[in-house]
Amino acid sequence: MSDIAFEGCMEKCPQQPGAFKKWNRRWFILRRAGPLGSARLEYYPDASHARRQQTRRVIPLREVTSVNQTTHKSKQYVFELRTPVLFYRLSLPSQQNLDAWIDAISDVAFGDDDQ
């Protein structure tokens with residue numbers, strides 16, 4: 001069985017205070033814990049980088065404290081993934097996509113994954 005629980009494209013807002021808030025499209029892969037590592041959300045510049053596993057950033061899900069839908073002035077379907085130190089604001093094209101990502105991340109991060 002693959003350790004990939006979910007994958008797809010989302011837009012990510014920069015975290016830096018005072019930074020120009022340009023949303024960047026990234027390819028995300030949600031991985032379950034397994035022989036290849038702990039549960040994590042990886043992101044890449046695009047799907048081709050993901051296939052080659054190049055230029056990856058990793059959010060360890062053991063550090064996630066909450067995953068919640070939120071509001072944003074320029075995006076309609078947004079959620080925040082929070083850790084004690086950082087937060088990630090992510091946007092999707094529809095409520096259906098948003099709900100699917102929130103459910104998948106919550107299942108993997110908080111142990112509700114029955115697979």
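**Exercise 1. Place Gly111 in the chain and decide whether it is buried or exposed.**

*Solution.* Start with its position: Gly111 belongs to the segment that comes after helix α2. Keep in mind that you are working with a predicted model.

Next, look at the backbone. Gly111 follows α2 and has a positive phi, near 80°.

Then turn to accessibility. The relative accessibility of Gly111 is 58%, and the cut-off for exposed is over 50%, so Gly111 counts as exposed.

Finally, check a partner that is distant in sequence. Arg32 and Gly111 are 79 residues apart along the sequence, yet their C-alpha atoms are 9.9 Å apart in space.

**Exercise 2. Work out the strand order of the sheet and find which strands stand at its edges.**

*Solution.* Let's build the sheet pair by pair.

Step one: strand β1 (residues 4-13) runs antiparallel to strand β2 (residues 24-31), and 8 bridges join them. Two of the opposite positions are easy to find: Gly8 faces Phe28 of β2, and Glu11 has Arg25 of β2 as its bridge partner.

Step two: β2 also pairs with strand β3 (residues 40-44), again in the antiparallel sense, over 5 bridges. Here Trp27 is matched with Tyr44 of β3.

Step three: go back to β1, which is joined to β7 by 3 bridges in an antiparallel arrangement. Cys13 stands opposite Arg89 of β7 in this pair.

Step four: β5 and β6 run antiparallel with 5 bridges between them, and Asn68 is found opposite Glu80 of β6.

Step five: put the whole together. The result is an open sheet of 7 strands in the order β4-β3-β2-β1-β7-β6-β5, with antiparallel pairing. The edges are taken by β4 (57-60) and β5; each has a single partner strand, so one side of each has no neighbour in the sheet. From one strand to the next, the twist averages 35°.

A useful reminder while you inspect the pairs: strands of a sheet pair through backbone hydrogen bonds.

**Exercise 3. Describe helix α2 and state which strands its buried residues pack against.**

*Solution.* First, the geometry. Helix α2 covers residues 95-109, which is 15 residues, and spans 21 Å from its first C-alpha to its last, close to the 21 Å expected at 1.5 Å a residue.

Second, the buried positions. These are Leu98, Trp101, Ile102, Ala104, Ile105, Ser106 and Val108.

Third, the packing partners. The buried residues of α2 pack against β1, β2, β3, β5 (66-70), β6 (77-82) and β7.

**Exercise 4. Which element gives the most to the largest nonpolar core?**

*Solution.* Begin with the core itself: the largest one has 22 residues, and those with the most contacts inside it are Leu30, Leu41, Leu61, Phe79, Leu81, Trp101 and Ile105. At least two residues of this core come from each of β2, β3, β6, β7 and α2. The most is given by α2, with 6 residues.

To see one core residue in context, take Leu81. Apart from residues up to four places away in sequence, Leu81 touches Leu41, Ile59, Val64, Ser66, Val67, Leu86, Phe87, Tyr88 and Ile105.

**Exercise 5. Determine whether Arg40 and Arg89 are buried or exposed, and find a polar contact for each side chain.**

*Solution.* Take Arg40, found in strand β3. Its relative accessible area is 11%, and buried means under 20%, so Arg40 is buried. The side chains of Arg40 and Glu42 form a polar contact of 2.9 Å. Beyond residues up to four places away in sequence, Arg40 touches several others, including Asp3, Ile29, Leu30, Val58 and Leu61. Trp101 lies 61 residues away along the chain, with 13 Å between its C-alpha and that of Arg40.

Now take Arg89, which sits in strand β7 (residues 87-92). Arg89 has 18% relative accessibility and therefore counts as buried. The polar contact to look for is with Glu80: the two side chains are joined at 2.6 Å. Setting aside neighbours within four places in sequence, the contacts of Arg89 are Glu11, Lys12, Cys13, Trp23, His72, Val78, Phe79 and Glu80. Among them are Cys13, the residue opposite Arg89 in the β1 and β7 pairing, and Glu80, its polar partner.

Definitions and conventions
Residues are numbered from 1 along each chain as its sequence is written. This is a predicted model: local features need pLDDT of at least 70, side-chain atom pairs count only at pLDDT 80 or more; totals for chains, interfaces and linings use all residues. Side-chain values use heavy atoms; hydrogens and water are left out. Helices (H or I, at least four residues) and strands (E, at least two) are DSSP runs, numbered from the N terminus. Buried means under 20% relative accessible area, exposed over 50%, partly exposed in between (1.4 Å probe, protein chains only). A polar contact is a pair of N or O atoms within 3.5 Å; within protein, one must be able to donate a hydrogen and the other to accept it, and residues adjacent in sequence count only if both atoms are side-chain atoms. Contact means heavy atoms within 4.5 Å. Two strands pair if DSSP finds at least two bridges between them. The expected span of a helix is 1.5 Å times one less than its number of residues. A nonpolar core is a set of buried Ala, Val, Leu, Ile, Met, Phe, Trp, Tyr and Cys residues joined through side-chain atoms within 4.5 Å. Axes are lines fitted to C-alpha atoms, for helices over the stretch in contact, and angles run from 0 to 180 degrees between N-to-C directions.
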